[in-house]
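Work through the exercises below with the sequence and the 3D structure open beside you. Try each task before reading its solution.

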Amino acid sequence: IYVGAPGLNARALSRDFTFAEIGSMIRQAHGKGVKLYIAMNSLVKEAEVPAALEALSCFEKLRPDALIIQDVGLLYMARTWFPRLPIHASTLMSVHNSSTAAALQQLGCERVVLARELPINEIAAIHQNTQVELEVFIHGAMCFSYSGLCMFSSLHGGKSSLRGQCVQPCRRRYYWQQGKKQGRGKQTARGGGNTRPSGDSGYLFSMNDLCGINQLPALRKAGVVCLKIEGRLKSAQYVGNTVAAYRMALDTLDSPEEERTRAL
């Protein structure tokens, strides 16, 4: 299970978990043999460095199973002063090749969550050329940009996707604009009352959600050791059903084909 670090995660929620609540989650998870990761994966501004150091100090005492990080400066702080904290490289680092994966391993990352755009053959190539553990997103929403490195949300009111504030403009419905004639047959495509919807519309930037349950054998063969299912901001029922479905599919990977088909 992964949860957001207070004030430093890529989901700006109405209320963050407290460190006391996270400590309780860790104890409950470990009591059930479950690992709990902390997503500390937003970009850290200069004024936030003291708070980030304080959070790292708290997490060292709480002992989560890993921190998921995208800010290289935060990675440096964690490795320098809190070396007992296991570090995973977030998908927001946009790791697309084995050189980047190897460099992050040298910087102290035990696992790399690869960019969501990678095909399976490139995942396999990264595995063949590195020693670091590889994790991939297997189910949930996809980003129109490269693994969240998008300024579309910033354009709509300064809400940065890398600061956990994405307003998801790519999920909205858009209309093509048709300009009125201006003088000598000229047309304008924007501005004030000079435009009107042409009638053509659609969800032009909205990606289909990912469902990779049929790709589990190929991903295991490619060297993937962990699967990430999007769960934040989802209902408990959705998360429970989705995780249970993937658990069933994983548990039958080595079963006879008829049983695997029935499970799917």
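In the protein chain, residues 24 or more positions apart account for 60% of the contacts with a separation of 6 or more, where contact means heavy atoms within 4.5 Å. The model is a predicted one, in which local features need pLDDT of at least 70 and side-chain atom pairs count only at pLDDT 80 or more, while totals for chains, interfaces and linings use all residues. Residues are numbered from 1 along each chain as its sequence is written, and side-chain values use heavy atoms, with hydrogens and water left out.

**Exercise 1. Describe the chain as a whole.**

Step one is to look at the secondary structure, which comes to nine helices and 12 strands; helices (H or I, at least four residues) and strands (E, at least two) are DSSP runs, numbered from the N terminus. Step two is to look at burial: of the 264 residues in the protein chain, 39% are buried. Here buried means under 20% relative accessible area, exposed over 50%, and partly exposed in between, with a 1.4 Å probe and protein chains only.

**Exercise 2. Find which residues touch the most other members of the largest nonpolar core, and follow one of them.**

Begin with the term: a nonpolar core is a set of buried Ala, Val, Leu, Ile, Met, Phe, Trp, Tyr and Cys residues joined through side-chain atoms within 4.5 Å. The largest such core has 48 residues, and M40, L56, F59, L67, L114 and I123 touch the most other members. Now follow L114, which touches T91, V95, I123, I126, L134, E135 and V136 when residues up to four places away in sequence are not counted. Apart from the largest core lies another core of seven residues, among them Y2, Y37, A66 and I68. As background, in soluble globular proteins nonpolar side chains tend to be buried together.

**Exercise 3. Explain why the buried residues of helix 3 can be said to line one face.**

First, list the buried residues of helix 3 (residues 72-81), which are L74, L75, M77 and A78. Second, look down the helix axis: the buried residues fall within an arc of 165 degrees, so they line one face of the helix; the arc is that of the directions from the helix axis to the C-beta atoms. Third, turn to the other side of helix 3, where V72 and Y76 are exposed. Finally, ask what the buried residues pack against, and the list is strand 2 (37-40), helix 2 (49-62), strand 3 (66-69), strand 4 (87-89), helix 4 and strand 5 (109-113).

**Exercise 4. Compare the settings of R63 and S94, starting from their phi angles.**

The general expectation is that most residues other than glycine have a negative phi. R63 has a positive phi of about 60 degrees although it is not a glycine, and S94 is not a glycine either but has a positive phi of about 55 degrees. Next, place them: R63 lies in the loop between helix 2 and strand 3, whereas S94 lies in the loop between strand 4 and helix 4. Last, check accessibility: R63 is partly exposed because its relative accessible area is 44%, while S94 counts as buried because its relative accessibility is 14%.

**Exercise 5. Decide whether Q106 and W176 are buried or exposed, and relate each to a residue distant in sequence.**

Q106 is found in helix 4 (residues 98-106), and it counts as exposed because its relative accessibility is 73%. The C-alpha atoms of Q106 and V132, which are 26 residues apart along the chain, are separated by 9.4 Å. W176 lies in strand 7 (residues 174-179), and it counts as exposed because its relative accessibility is 53%. The C-alpha atoms of W176 and S201, which are 25 residues apart along the chain, are separated by 6.2 Å.

**Exercise 6. Place T252 and K35, and name their contacts.**

T252 lies in the loop between helix 8 and helix 9 (257-263). Its relative accessibility is 10%, so T252 counts as buried. Leaving aside neighbours within four places in sequence, T252 is in contact with E259, R260 and A263. K35 lies in the loop between helix 1 (19-31) and strand 2, and K35 touches I1 and D65, again not counting residues up to four places away in sequence.
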